[in-house]
Amino acid sequence: MRYVSTRGGMAPQPFSETLLEGLAPDGGLAVPAQLPSVDAETLEGWRALTYPQLAAEVLGLFATDIPREDLARMTAAAYADFPDEVVPLRSIGGGITLVGLSEGPTLAFKDMAMQFLGQALSHVLERKDQVLNIVGATSGDTGSAAEHALRGKERVSVFMLSPQGRMSPFQRAQMYSLDDANVHNIAVAGVFDDCQNLVKRLSGDLDFKHAHRLGAVNSINLGRIAAQAVYYFWAWLRVTDAVEPEFRRGFEVSFAVPSGNFGNILSGFYAKGMGVPIRRLVLAANENNVLDEFFRTGVYRPRSAADTYATSSPSMDISKASNLERFIHELVGRDPRRVADFFRAIDEQGFVDLSAEQPRFDAEFGIVSGTSTHADRLATIRAVHEASGELIDPHTADGVKVARDHLEPDVPMLVLETAKPQKFAETIREATGIELELSPELRGMLDAPQHVTEMVDDEQALREFIAAHALH
């Protein structure tokens, strides 16, 4: 298995190299030269596997340069501290089932991929006798998941940029309370897109990137996309456990995915392309609904930082989704020139009109979309709790709200849970009046001293900080 760049300027390389590179040298993103395929017999043969075993099988199709026994060891270690049921499925009524993805150390779905990525990066760096300085941007959960997966690792340092005042108190505490020497929190005066732009500019400076051994753990890292694809396989297998064996082949389900940077739903897009019988991928946006506008109209119009709203589902407060590039690459027939034209048009005129291609989004790729507002979130959290006793976080509520608009008879609808409600206690209180109890451990985290460097939105200041603190 080899990986190429969406923009065509990278020699084909193995999985391990894409883990360390992050952004491709030409500014594009690594994609499989050919998506691996899983036939119905193989899929059925995976039914009895545990989650770590299934992860080793699926990831083994991507990471063909890592011995299978090493992959099995990594996935076992990655999920060792999760409950026995790593990804539980729970019905909330109304034809909707939650896919529980927040059982990891930071109570968010990002742990599912990040815990594996921590294992994989350590393995590759040890084998190569190298170090890596991770530079990332977070709108909330990516940062804490990355830091908790990589804290204390000898060959990795983490420089995580977050937008000042744009995350929940819980999200800030999860990151800033860490005092490991290899973890550096940087709060940037701006929004997530400003943080992401800084990361991209540093990654695009190849001399600086190589001099300081920079890498990425945002969802531009293909290792995260591959690891997230696993739970689409798992969820389909668990839903079809209840289907008579003779009717399982080709039994379709739909997934609703709260979406910000387009990484989580892209993993579902890849899983569908690999052979999981997925009917629809339902993209749920919040008020920053650039992606919903794109999938409904075909017009992609990223917003400025000033026009990006601070909402009660803050991890989705993103107006320029990095992973959309991988979808565009597929949409234009994997033609690097057309991908480059797409982004050149955005730079020159601020939007791209692909309305002629819009009918293909559902018909060919199975992607539909919708928007959820603050009022929708509150109403959905309240209704789900009244109907099922379940408390869901605001991002998951966005997913449930939009999922309801796309229910189809006899097609199970699965909503990907994004986080535990404790991370957003204020919104839960507003929706239900319930004051969530925190464990002594979580209370201690909230009360702990916080370690963070505040920085203006300045590329040179970031360069100097990284140069002073990077591993070499």
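**Entry 1: the sheet.** I began with strand 9 (residues 253-258) and strand 14 (residues 413-416), which pair in the parallel sense over three bridges; two strands count as paired if DSSP finds at least two bridges between them, and helices (H or I, at least four residues) and strands (E, at least two) are DSSP runs numbered from the N terminus. Across this pair I found Phe255 opposite Leu414 in strand 14. I note here that this is a predicted model, in which local features need pLDDT of at least 70 and side-chain atom pairs count only at pLDDT 80 or more, while totals for chains, interfaces and linings use all residues. Residues are numbered from 1 along each chain as its sequence is written, and side-chain values use heavy atoms, with hydrogens and water left out.

I then looked up the sheet as a whole, an open one of six strands in the order 3-4-14-9-10-13, with mixed pairing. Strand 3 (89-93) and strand 13 (367-371) are at its edges with a single partner strand each, so one side of each has no neighbour in the sheet. Neighbouring strands of this sheet are turned by 25 degrees against each other on average, direction ignored.

**Entry 2: a helix pair.** I looked next at helix 7 (residues 169-176) and helix 19 (residues 440-447), which pack at an angle of about 85 degrees with their axes 8 Å apart; axes are lines fitted to C-alpha atoms, for helices over the stretch in contact, and angles run from 0 to 180 degrees between N-to-C directions. The two helices, helix 7 and helix 19, are therefore roughly perpendicular to each other, a term that covers 65 to 115 degrees. In contact (heavy atoms within 4.5 Å), Pro169, Phe170, Ala173 and Gln174 of helix 7 meet Leu442, Met445 and Leu446 of helix 19. I recorded the residues of this contact as six nonpolar, one polar and no charged, where Ala, Val, Leu, Ile, Met, Phe, Trp, Tyr, Cys and Pro count as nonpolar, Asp, Glu, Lys and Arg as charged, and the others, Gly among them, as polar.

**Entry 3: the pockets.** For pockets and cavities I worked with a 1 Å grid over the protein atoms alone: a cavity is a set of points where a 1.4 Å probe fits but cannot get out, a pocket is an open set with protein on both sides within 12 Å along at least five of seven lines, and lining residues have an atom within 4 Å of a point. Grid points are joined across faces, edges and corners, and a volume is the space filled by probe spheres set on the points.

The second largest pocket, of about 400 Å³, involves the helix pair of the previous entry, since helix 7, helix 18 (425-432) and helix 19 each supply at least two residues of its lining. Helix 18 gives the most, with four residues. Of the 23 lining residues, Ser168, Pro169, Lys423, Ala425 and Glu426 lie nearest the centre.

The largest pocket holds about 480 Å³ of space, and Arg7, Lys200, Lys320, Phe343 and Asp347 are the closest to its centre among 18 lining residues. I found eight nonpolar, four polar and six charged residues in this lining.

**Entry 4: the cavities.** I found five cavities of 30 Å³ or more. The largest has a volume of about 300 Å³, and its lining divides into seven nonpolar, 14 polar and three charged residues. The second largest has about 70 Å³, lined by eight nonpolar, five polar and one charged residues. Gly260 is among the residues nearest the centre of the largest cavity, and is also listed among those nearest the centre of the second largest.

Note on methods:
Angles under 35 degrees count as roughly parallel, over 145 as roughly antiparallel, 65 to 115 as roughly perpendicular and the rest as oblique.
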